Amino acid sequence: LGTFNWQIAQSTTFTIRNASNEPMLIDTIFTSCECTTAEINKRSIEPADSAIVSVTIKAEKPAQFMREVYVGVRGKEQIVLSIEGEAVEK
């Protein structure tokens, strides 16, 4: 996310694409910190289709940070998305 004012929430998105021949079923989505929220726009992703994960971070104080979003996929290894940046006082 680069450098930003720690008092202003920052948002970003990730695209998860299903490259398999079977539907991808999303069981869970959670974050490594209460300061981070994540939502996915669909729980079932058909082959060759994709879903968007929207992530918002509200820094608790000025600091460098790294946060993770965990996406649980039924029958597959968990997907880990990483977000990093520096929240500064402006």
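**Strands, core and loops of a predicted all-strand model**

By the distance rule applied to cysteine sulfur atoms, the count of disulfides comes to zero. A disulfide is a covalent bond between the sulfur atoms of two cysteines. Cys33 has a relative accessibility of 14% and Cys35 one of 10%. Because buried means under 20% relative accessible area, Cys33 counts as buried, and Cys35 counts as buried as well. The structure described here is a predicted model, and the values below are computed from it.

The protein contains eight strands and zero helices. From the N terminus on, its elements therefore read β-β-β-β-β-β-β-β under the strand assignment used. The C-alpha trace spans about 50 × 20 × 15 Å along its principal axes. Of the 90 residues, 36% count as buried. The protein exposes about 5600 Å², and carbon and sulfur atoms supply 46% of this area. Among contacts between residues at least 6 apart in sequence, 57% join residues at least 24 apart.

Strands of a sheet pair through backbone hydrogen bonds, either parallel or antiparallel. In this model, an open sheet of five strands has the order 1-8-7-3-5, and its pairing is mixed. Strand 1 and strand 5 (44–45) stand at the edges; each has a single partner strand, so one side of each is left without a neighbour in the sheet. Strand 1 (residues 2–5) pairs with strand 8 in the parallel sense over four bridges. Within this pairing, Thr3 has Glu86 of strand 8 as its bridge partner.

The pairing of strand 7 with strand 8 is antiparallel and runs over nine bridges. Here Met66 stands opposite Glu84 in strand 8. Strand 7 and strand 8 form a hairpin with five residues between the strands, and in this hairpin Gly75 takes a positive phi near 75°. Strand 3 and strand 7 also pair in the antiparallel sense, over five bridges. The bridge partner of Thr31 in strand 7 is Val69.

Val69 appears again in the largest nonpolar core, which has 21 residues; Val53, Val69 and Val71 touch the most other members. At least two residues of this core come from each of strand 3 (24–31), strand 4 (36–40), strand 6 (50–57), strand 7 (63–73) and strand 8 (79–88). With residues up to four places away in sequence not counted, Val71 touches Ile16, Ile26, Thr28, Ile29, Gln78, Ile79 and Leu81.

Asn18 is placed in the loop between strand 2 (10–17) and strand 3. With a relative accessible area of 1%, Asn18 is buried. The side chains of Asn18 and Ser20 are joined by a polar contact of 2.7 Å. Leaving aside neighbours within four places in sequence, Asn18 is in contact with Pro23, Met24, Ile45, Glu46, Pro47, Ala48 and Asp49.

One of these contacts of Asn18 is Ala48, which is found in the loop between strand 5 and strand 6. Ala48 is exposed, with a relative accessible area of 55%. Most residues other than glycine have a negative phi, and most peptide bonds are trans. The phi of Ala48, by contrast, is near 70°, a positive value in a residue other than glycine.

Gln10 lies in strand 2. Its relative accessible area is 21%, and Gln10 is therefore partly exposed, because the buried class is limited to values under 20%. A polar atom of the Gln10 side chain lies 3.2 Å from the backbone oxygen of Ile8. Not counting residues up to four places away in sequence, Gln10 touches Leu1, Phe4, Val55, Thr56 and Ile57. Gln10 and Ala59 are 49 residues apart along the chain, and their C-alpha atoms are separated by 8.6 Å.

Key. Residues are numbered from 1 along each chain as its sequence is written. This is a predicted model: local features need pLDDT of at least 70, side-chain atom pairs count only at pLDDT 80 or more; totals for chains, interfaces and linings use all residues. Side-chain values use heavy atoms; hydrogens and water are left out. A nonpolar core is a set of buried Ala, Val, Leu, Ile, Met, Phe, Trp, Tyr and Cys residues joined through side-chain atoms within 4.5 Å. Buried means under 20% relative accessible area, exposed over 50%, partly exposed in between (1.4 Å probe, protein chains only). Contact means heavy atoms within 4.5 Å. Two strands pair if DSSP finds at least two bridges between them. A disulfide is a pair of cysteine sulfur atoms within 2.5 Å. Accessible areas come from the Shrake-Rupley method with a 1.4 Å probe; for residues, only the protein chains shown count as cover. A polar contact is a pair of N or O atoms within 3.5 Å; within protein, one must be able to donate a hydrogen and the other to accept it, and residues adjacent in sequence count only if both atoms are side-chain atoms.
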